[in-house]
Amino acid sequence: MRAHVDKDACIGCGLCTDICPEVFSMDDDGKAVAIDSEIPADAVDSAKEAEGQCPTEAIKVE
Ligand code: SF4
């Protein structure tokens, strides 16, 4: 599975980086970015939680 952040939708709240720092980090522009590789198996659940909690539905995990 991979994660993707829609930067146009992201408001930079930082929630996803709190929930799943293994996958999400904040970019220099203050928007979240996801790792550009397969989500580690032990981080899939938290990545999905971040997807569900994102206030602007900017995250897709698929
Ligand atoms: S939770 Fe959503 S809006 Fe907040 S930083 Fe992450 S992707 Fe952006």
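This report describes the ligand site and the salt bridges of a predicted model.

**Ligand site**

The ligand occupies the largest cavity, and 13 residues surround it. Cys-10, Cys-13, Gly-14, Cys-16 and Cys-54 are the closest of these residues. By class, the shell comprises 10 nonpolar residues, three polar residues and no charged residue. Two of the closest cysteines were assessed for accessibility: Cys-54 is buried, at 15% relative accessible area, because buried means under 20%, whereas Cys-13 is partly exposed at 45%. A disulfide is a covalent bond between the sulfur atoms of two cysteines. The search of the whole structure finds zero disulfides.

**Salt bridges**

Side chains of opposite charge can pair when their charged atoms come close. The structure holds four salt bridges, including those tabulated here.

| Pair | Closest N to O distance |
|---|---|
| Arg-2 and Asp-36 | 4.0 Å |
| Arg-2 and Glu-38 | 3.8 Å |
| Lys-7 and Asp-27 | 2.6 Å |

Arg-2 lies in the segment before strand S1 (3-5), while Asp-36 belongs to the loop between strand S3 (32-34) and helix H2 (44-53), 34 residues apart. Glu-38 is in the loop between S3 and H2, so its pairing with Arg-2 ties together parts that are 36 residues apart in sequence. Shared partners join Arg-2, Asp-36 and Glu-38 into one network. Within this network, Asp-36 is exposed at 72%, whereas Arg-2 is partly exposed at 44% and Glu-38 is partly exposed at 47%.

The pair of Lys-7 and Asp-27 links the loop between S1 and helix H1 (15-19) to the loop between strand S2 (24-26) and S3, 20 residues apart. Lys-7 is partly exposed at 28%, and Asp-27 is partly exposed at 31%.

Notes
Residues are numbered from 1 along each chain as its sequence is written. This is a predicted model: local features need pLDDT of at least 70, side-chain atom pairs count only at pLDDT 80 or more; totals for chains, interfaces and linings use all residues. Side-chain values use heavy atoms; hydrogens and water are left out. A residue is near a molecule or strand if one of its heavy atoms lies within 4 Å of it. On a 1 Å grid over the protein atoms alone, a cavity is a set of points where a 1.4 Å probe fits but cannot get out, and a pocket is an open set with protein on both sides within 12 Å along at least five of seven lines; lining residues have an atom within 4 Å of a point. A molecule sits in a cavity or pocket if more than half of its atoms lie within 2 Å of its grid points. Ala, Val, Leu, Ile, Met, Phe, Trp, Tyr, Cys and Pro count as nonpolar, Asp, Glu, Lys and Arg as charged, and the others, Gly among them, as polar. A disulfide is a pair of cysteine sulfur atoms within 2.5 Å. Buried means under 20% relative accessible area, exposed over 50%, partly exposed in between (1.4 Å probe, protein chains only). A salt bridge is a side-chain nitrogen of Lys or Arg within 4 Å of a carboxyl oxygen of Asp or Glu. Helices (H or I, at least four residues) and strands (E, at least two) are DSSP runs, numbered from the N terminus.
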